[in-house]
Number of protein chains: 2
Amino acid sequence: MPQKKIFLNESEMPSHWYNIVADMPNKPLPPLHPGTKQPVGPDDLSPIFPMDLILQEVSTERFIEIPDQVQDIYKIWRPTPMMRAYGLEKLLDTPAKIYYKYEGTSPSGSHKPNTAVPQAYYNMKAGVKRLTTETGAGQWGTALSFACQQFGLGCEVYMVRISYDQKPYRKFMMNTFGAEVFASPSNRTQAGRDILALDPTSTGSLGIAISEAIERAVGDEHTKYSLGSVLNHVLMHQTIIGQECLKQLEYAGDYPDIVIAPLGGGSNFAGISFPFLRQNIVNGKKTRFIAVEPASCPKLTKGVFKYDFGDTAGYTPLLPMYTLGHNFRPASIHAGGLRYHGASVLCSQLLRDGLIEANALQQLECFDAGVKFARAEGIIPAPEATHGIAQVIREAEQAKKEGVAKTILFNLCGHGFVDMQAYADYFEGKLNDHFFTNEELTANLAEIEALQPA
Amino acid sequence: MPQKKIFLNESEMPSHWYNIVADMPNKPLPPLHPGTKQPVGPDDLSPIFPMDLILQEVSTERFIEIPDQVQDIYKIWRPTPMMRAYGLEKLLDTPAKIYYKYEGTSPSGSHKPNTAVPQAYYNMKAGVKRLTTETGAGQWGTALSFACQQFGLGCEVYMVRISYDQKPYRKFMMNTFGAEVFASPSNRTQAGRDILALDPTSTGSLGIAISEAIERAVGDEHTKYSLGSVLNHVLMHQTIIGQECLKQLEYAGDYPDIVIAPLGGGSNFAGISFPFLRQNIVNGKKTRFIAVEPASCPKLTKGVFKYDFGDTAGYTPLLPMYTLGHNFRPASIHAGGLRYHGASVLCSQLLRDGLIEANALQQLECFDAGVKFARAEGIIPAPEATHGIAQVIREAEQAKKEGVAKTILFNLCGHGFVDMQAYADYFEGKLNDHFFTNEELTANLAEIEALQPA
């Protein structure tokens, strides 16, 4: 067998993050203050984020240097390997060449530490003592716990109660990395107490957890808040993935015709896509980029491009994005990381401009793809990652039908070691596909009309 | 920071396994037939193992070539990285240089696939259709499930019922890799039915599971049995670990003064140690080798060197080894992979000859070391692996006391993503150390006197 894995040396790790805003033909619309409908400025954000991250959020610089201390922590697991999926190619009997970048070797088992580490670093540098965040299934909370530990910051994680109770492994991982984890709604915040007063048995939601985390940050000058996706600076931190891939594919003597990744908020998709998308914009490459969303939360394919809140409770600025409405309730699926009502501003603008594509897949097809991949390649993928794999299989089968040796690259954003209950439910026939009616898909759109600027 | 990780290219992967028998000053004593007390020959083993593996078991050749098809599968995760533990060194403020080999990037998350893959390969080559095995917590069963899947073999795993019920994630991983997993005792074998007739609520034991797996193999000409540790060929397959480390340390410009690994049956310890031990024997190097066992099962430090059965039920040949007696019941600890009454023949002979050392550690010290390591290095270690880390910390603190820059290498044999309940129990104060009385340690030794040859 020819070479399976392509490693890079630490000396070849990218020294800068790539900021796609510099190269976008249409720049993203500004976030707006929900009261004034005017663009928010750095000062509006300073109670919850440190200035270095706010400046990255609004930056139009093309490349931003990765600080030495961040690079040192990245070296714990970066550069990550890129693999040729010989096993999957053989199983599919396809002429397509399939490559995948594997982010599961990180401390938390996914791509999330790529942004958790710089976020913790810039907060530490600003004299912040503690970060708060929310987490659903726990992947992001684990990443931030690790990052805070590295820089001596405290870490408070508000974990949606139903996950806290049903998926305890992630909670224990956060504890091991030194974080305090609270089931949300909690008694530690007014937001939590208000919910509990109404419903003492509330199982929580990501929206409530965000409210609790933000309230804790706003109420303490030494504490700030951290977000794991959606925002520009978060997506930018993830571009180290695609930049490594550019080099690794060069070593493999190849270049992708198609780049694929799942999209929840957009950080995984942006991470692998943006550096290649730059080659389309600047160097005339013709790569297709496919963001894969779950049919249970199809904002890219069934949503509208409008201003909307980033959270359920309406605490954030208004963001111009593809959305199903901030009160949309995604169908219950096992890929918790993809259950988000909107898409990041950058991915939304790129989709609107036709620079990327989107597709929505049902979870049974995704789990089937995940099992095929595990058996062929020896890595059990996280449920989120199976969405990318299912699309890869579709494209590889299409390549076979057309008899063309397309080169396909996807981001295997994390492993499924802590998600085995999902596979068990799949094997036991407990999972279903979900088909929304048009009424359900549009039910939460009317209320966001009032949020649009004049 | 200087280089943290040392990768090898796939082209640098060792092409041969190393068989330490060739270099041992005193060769291991032969296994004996329990009835005749005569050495067992290849024919005695052929009902349960294919001839290629039997020949490896008795081989005195120094190097045995790794077949191309095995190398191809190894490339899914091998060569594995070796890391410099800068974070741990800083935490301990030690002059010692600490390196670790990380085997957690494999399909099952530990070193076990290194032997599962060749075992499945040689069985496939011999026309075998199905492998059976036992598994306790499930690490070995997962590795064999993956390996069988790669070569199109069926895989039947008998999993100790208490683990099957309490630790379901590993069972789901085996299913994902295509294996059938049965709670043991089961109704599928006479051995299982006999136990269930006596005690329908039996929670099982490794000994019972071995009996079931062997019975299924003996009773079907297309089925054979596979073991994950203890035997000579199993230890030999793991030597790819230490051989890679030799090269990686050469690139780092370093050589170990001390090599450390946990010892359950011995495959992890042998894997990293034997290639370096060869340098002691052949090239006059003076490295110390420390096998770390749990105080809950201290065969190396409190056992006797005698012939004993490898399993509880007495189905195996008699093996010359350090043992606490095949009916010894280890104290309940979370490192299930270390709860074995004996040590492999090769490790036992080397300890008897003073070529390696042994130490027994309590689990609270080990979990404390595991948490320190996770926070400093970003990898949550498996409970088994924490035993090695605790010894590393002892040696690094000794080096500090002596003011010498010792070089310490250890094998981080697996991650703890699927073992988080153990950490939770540790944090919640539910774990205890265990101190055996002399009576308890010797209670099971009298009955093995009758097993010794004249």
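These are my notes on what I looked up in a predicted model.

**Ground rules**

I number residues from 1 along each chain as its sequence is written, and I letter chains from A and number ligands from 1 in the order in which they are written. Because the model is predicted, local features need pLDDT of at least 70 and side-chain atom pairs count only at pLDDT 80 or more, while totals for chains, interfaces and linings use all residues; side-chain values use heavy atoms, with hydrogens and water left out.

**Entry 1: cysteines**

I looked for disulfides (a disulfide is a pair of cysteine sulfur atoms within 2.5 Å). Over all chains, the search of the whole structure finds zero. I then asked why Cys155(A) has no bond to Cys148(A). The sulfur of Cys148(A) is the closest cysteine sulfur to that of Cys155(A), but at 4.0 Å it is too far for a bond. For Cys347(A), which is in no disulfide either, the nearest cysteine sulfur belongs to Cys413(A), 14 Å away.

I also checked exposure (buried means under 20% relative accessible area, exposed over 50%, partly exposed in between, with a 1.4 Å probe and protein chains only). Cys155(A) is buried at 5%, and Cys347(A) is buried at 0%.

**Entry 2: the two domains of chain A**

I noted the domain bounds, which come from an automatic or database domain assignment. Domain 1 of chain A covers 5-13 + 65-108 + 233-451, and domain 2 covers 113-227. Their centres, taken over C-alpha atoms, are 24 Å apart. In the contact (heavy atoms within 4.5 Å), domain 1 of chain A has 25 residues and domain 2 of chain A has 26 residues.

Next came buried area (the accessible area, with a 1.4 Å probe, that two parts lose on being put together, summed over both). Domain 1 and domain 2 of chain A bury about 2100 Å² between them, with 65% of it on carbon and sulfur atoms. Ile73(A), Ser108(A) and Val418(A) supply 26% of what domain 1 of chain A buries against domain 2 of chain A, more than any other three residues.

I counted salt bridges (a side-chain nitrogen of Lys or Arg within 4 Å of a carboxyl oxygen of Asp or Glu) and got zero between domain 1 and domain 2 of chain A.

**Entry 3: chain A against chain B**

How many residues does each chain give to the contact? Chain A gives 47 residues and chain B gives 47 residues. The area buried between chain A and chain B is about 4000 Å², and carbon and sulfur atoms give 62% of it. I found two salt bridges between chain A and chain B. Lys5(B) forms a salt bridge with Glu10(A), where the closest N and O atoms are 3.1 Å apart.

I then listed the helices (DSSP runs of H or I, at least four residues, numbered from the N terminus). Those giving two or more residues to the side of chain A that touches chain B include helix 6 (139-150) and helix 8 (168-176). I looked further at helix 8 of chain A, where seven of its nine residues are buried. Among them are Tyr169(A), Arg170(A) and Phe172(A). Gly178(A) follows helix 8 of chain A and has a positive phi, near 95°.

**Entry 4: a proline in chain B**

Where does Pro50(B) lie? I found Pro50(B) in the loop between helix 1 (42-45) and helix 2 (51-58) of chain B. Pro50(B) is buried, with a relative accessible area of 3%. Not counting residues up to four places away in sequence, Pro50(B) touches Tyr122(B), Asn123(B), Ala126(B) and Lys224(B).
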